[in-house]
Amino acid sequence: MPAHYTYLKRWRYEREQGIERTMDVAPVREHLARLRAARMTWRAIAEVSGVTASALHSIHKGETTRINRARARAILAVHPDAMFERSNPAGFVPIIGTRRRIRALLAIGWTHDLIAAAAGLPERRTVTLLSQAGHLCSLENHERIKRVYNELSMTPGPSETNRARARKFRHVPPLAWDDDTIDDPSARPAGWSRTKAMA
């Protein structure tokens, strides 16, 4: 049976049953606002939900009042952590967790050169990740630093100079962070106030 006949048949059935195919877009718009507040990019939301970035923009800007229920479910199912679970290594994710991991390793004596080498990154790339403008980095760089952090975070590094410098700049060690929330912009290191440590 041709696809359009199947669609019409289902549409008539749902209409007879009083099933609406669309819903108020307000909850979806509010959810998009929360995802954006968590620094999830439009591209990431589009990749995870299967809804085009242009359609997401249209919803966000209030250009529509109703939305297909299936599309709404796809968007509402997106959660901030999903941006780290994508298969696209070139996609962008918030850089805050990457920076926290680098600073935590510096705090226990690892150097930029050793961290970068272990991550398979160009020399001093970790310095760039800490100093570059903006709040995003590639998923690939995030995963590389996360892997090295998981490998080294319980082992003191060789540089006492770095430990002293990290104390000066109030970088906190790995034990101050919860692995489940280190990528959350609103998370704070355990036992450290905003004035005591750089988040």
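Visitor: Which ring does the charged end of R101 sit over?
Guide: We're looking at a predicted model here. A charge counts as sitting over a ring when, among other things, it is within 6 Å of the ring centre. For the charged end of R101 that distance is 5.7 Å, and the ring belongs to Y149.

Visitor: How many aromatic pairs are there in the whole structure?
Guide: To pair up, two rings need centres within 6.5 Å of each other. The search for such pairs covered the whole structure, and its count is 0.

Visitor: Which helix gives the most to the largest nonpolar core?
Guide: That core has 46 residues, and L32, M40, L56, I67, I75 and L105 touch the most other members. Several helices supply at least two residues each, including α2 (26–37), α6 (96–107) and α9 (139–152). The top giver, with 5 residues, is α9.

Visitor: What does M40 touch, leaving out residues up to four places away in sequence?
Guide: M40 is one of the core members that touch the most others. Touching here means heavy atoms within 4.5 Å. With those sequence neighbours left out, the list is L35, I45, V48, V78, H79, P80, A82 and M83.

Visitor: How many helices and strands does the chain have?
Guide: Read along the sequence, the pattern goes α-β-α-α-α-β-α-β-α-α-α-β-α-α. Count up the symbols and you get 10 helices and 4 strands.

Visitor: What share of the chain's residues counts as buried?
Guide: A residue is buried if its relative accessible area is under 20%. The chain has 199 residues, and the share that passes this test is 41%.

Notes: Residues are numbered from 1 along each chain as its sequence is written. This is a predicted model: local features need pLDDT of at least 70, side-chain atom pairs count only at pLDDT 80 or more; totals for chains, interfaces and linings use all residues. Side-chain values use heavy atoms; hydrogens and water are left out. A nonpolar core is a set of buried Ala, Val, Leu, Ile, Met, Phe, Trp, Tyr and Cys residues joined through side-chain atoms within 4.5 Å. Buried means under 20% relative accessible area, exposed over 50%, partly exposed in between (1.4 Å probe, protein chains only). Rings of Phe, Tyr and Trp (its six-membered ring) pair if their centres lie within 6.5 Å; planes under 30 degrees apart count as stacked, over 60 as edge-to-face and the rest as tilted. A charge sits over a ring if NZ of Lys or CZ of Arg is within 6 Å of the ring centre and within 35 degrees of the ring normal.
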